[in-house]
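This report walks through selected features of the structure shown below, beginning with a single strand and moving outward to its neighbours, the domains and the ligand.

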Amino acid sequence: MEQKRRLRILSKTWETDDAATFTLEPADGLPLHYKPGQYLSLIFGTKNGEQRRAYSFSSCPGVDEHMAGTVKRVVNGEFSNQLLTHAIPGDLLDVAGPHGRFLLPDKQVNTIFYIVAGSGITPVISHLKTLLSGPENPLQTQKRLPQIVLYYANRDSGHTIFKAQLDRWIREFPGRFECLYFFSREKNADHALFRHLNNGLLEQLLATHFAGQPARKYRRDTFFYLCAPKAVMRMAEMTLRTLGFPEKNILKETFIPERHLPTREPDTGRTHAIVASKGNERIEFQTFEGETILNAALRQGIALPYSCKSGVCFSCLARCIQGEVDVVFSDFTRREGPGQMVNTCIGYAVTGQVELVYE
Ligand SMILES: Cc1cc2nc3c(=O)[nH]c(=O)nc-3n(C[C@H](O)[C@H](O)[C@H](O)COP(=O)(O)OP(=O)(O)OC[C@H]3O[C@@H](n4cnc5c(N)ncnc54)[C@H](O)[C@@H]3O)c2cc1C
Ligand code: FES
């Protein structure tokens, strides 16, 4: 049900001293289609079994000759360090995907705001390449191309991934592309504020951008993309919701897996029947009570798609068409039924039979 591919690393280019871009090509020579904002799940074999990490494309189809991903080092992080320290051109990587819903809008939009920190720029640079120079810009047919505003937080200029490219666009697209850096440890740089982005400041910046209060028509035609640490995303989302921007216009990508998920007590005496299908493929298996649907599948050697296993990346999403599933996040549980999407990695069957369709 899940398609795996093997990619060859073509080059490794350091963007900062703790982040590098890898260009990649499919080892089988067949194309791998993806959209700006999507990611691949890298699959690492370890002595404790398979481990996965998601990495967004920093390349853009039709603009870059080769697909690419940009990895930033996480202190004590197992696989970001392995990639940055040991991976070299010629190495092969096993991947699944592409996945992801952090996609450009497919409708009329006046302004797109990006609120980003650190490696959160990766999927955003792919969007920006499309919007500013891509042949596959879904908004190209609009009478007026959207204005793009990027708020990008980092320690300092030296740790700002893609700064040279962004500075070039600031010069090339005045009036269309606006970029404001937020530096916490630097006091002198162009297009920058030397403080953290908080709700008061965000409100002030938006009010200035819209020359006063955001008017209703701006609210409808403005999109926000957030890719930053949880606290910044929560602050931004609350501020935007308070200002009346609709939830459907606020898209979020979370990079940090949830480590404190509630678990349920497994009961091997009680089972649920699961039917999972994708296209013509159909698989039937059983879960124990208190076991996630994904873990039950993996335990039985059934390859369902996944990456983070913690409810943040959406690669395991399937539509429930029969039965009910509890989707258990760290702070709330949602009971989903027919027609609803469920994250199978944190989804527990509730009814005796559950039928899921992967799209
Ligand atoms: C949809 C998605 C897209 C992603 N795209 C990118 C990308 O383009 N570039 C990129 O560099 N990373 C990206 N990530 C993050 C990436 O998948 C890994 O989580 C990250 O590289 C850390 O893996 P690790 O094995 O080094 O750390 P681990 O060994 O898994 O973690 C070590 C510690 O660091 C914490 N941690 C894990 N990830 C992060 C993080 N991103 N920031 C801060 N702390 C963290 C963990 O909670 C843990 O405490 C993405 C994640 C998701 C879910
Ligand atoms: S595997 Fe990431 S949300 Fe389920």
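## Strand S16 and its partners

In this predicted model, the side chains of strand S16 (residues 325-328) alternate, with Val 325 and Val 327 pointing to one face, where they are buried, while Asp 326 and Val 328 point to the other face and are not buried.

Strand S16 pairs with strand S17 (residues 333-336), to which it is joined by 4 bridges in an antiparallel arrangement, and a hairpin connects S16 to S17 through 4 residues. Within this pairing, Val 328 stands opposite Thr 333 of S17. Strand S16 also pairs in the antiparallel sense with strand S19 (residues 347-349), here over 3 bridges, and Asp 326 stands opposite Tyr 348 of S19. Val 328 and Asp 326, which point to one face of S16 and are not buried, thus appear in the pairings with S17 and S19 respectively.

## A five-stranded open sheet

An open sheet of 5 strands follows the order S14-S13-S20-S15-S18, and its pairing is mixed. Its edge strands are S14 (281-289) and S18 (341-343), each of which pairs on one side only. On average, neighbouring strands of this sheet are turned by 40 degrees against each other, with direction ignored.

Within the sheet, strand S13 (residues 267-278) and strand S20 (residues 353-357) pair in the parallel sense over 5 bridges; the bridge partner of Val 275 in S20 is Glu 355.

## Domains and their contact

The protein is divided into domain 1 (4-99), domain 2 (111-252) and domain 3 (267-357). The C-alpha centres of domain 1 and domain 3 lie 27 Å apart, and the contact between these two domains takes 6 residues from domain 1 and 7 residues from domain 3.

On the side of domain 1 that touches domain 3, S4 and strand S6 (92-99) each supply at least two residues, and S6 gives the most, with 3 residues. The residues on this side of domain 1 divide into 2 nonpolar, 3 polar and 1 charged.

## The surroundings of ligand 1

Ligand 1 is surrounded by 26 residues, of which the closest are Ala 54, Gly 77, Phe 79, Ser 80 and Thr 122. The elements that give two or more residues to this shell are strand S4 (49-56), strand S5 (67-72) and helix H1 (78-86).

By residue class, the shell around ligand 1 divides into 12 nonpolar, 9 polar and 5 charged residues. Domain 1 (4-99) and domain 3 (267-357) each contribute at least three residues to the shell. Strand S4 therefore deserves a second look: S4 gives residues to the shell around ligand 1 and also supplies residues to the side of domain 1 that touches domain 3.

Key: Residues are numbered from 1 along each chain as its sequence is written. Chains are lettered from A and ligands numbered from 1 in the order in which they are written. This is a predicted model: local features need pLDDT of at least 70, side-chain atom pairs count only at pLDDT 80 or more; totals for chains, interfaces and linings use all residues. Two strands pair if DSSP finds at least two bridges between them. Axes are lines fitted to C-alpha atoms, for helices over the stretch in contact, and angles run from 0 to 180 degrees between N-to-C directions. A residue is near a molecule or strand if its C-beta atom, placed from the backbone, lies within 6 Å of it. Ala, Val, Leu, Ile, Met, Phe, Trp, Tyr, Cys and Pro count as nonpolar, Asp, Glu, Lys and Arg as charged, and the others, Gly among them, as polar. Domain bounds come from an automatic or database domain assignment. A residue is buried if 20 or more other C-beta atoms lie within 10 Å of its own, exposed if 12 or fewer, and partly exposed in between; C-beta atoms are placed from the backbone.
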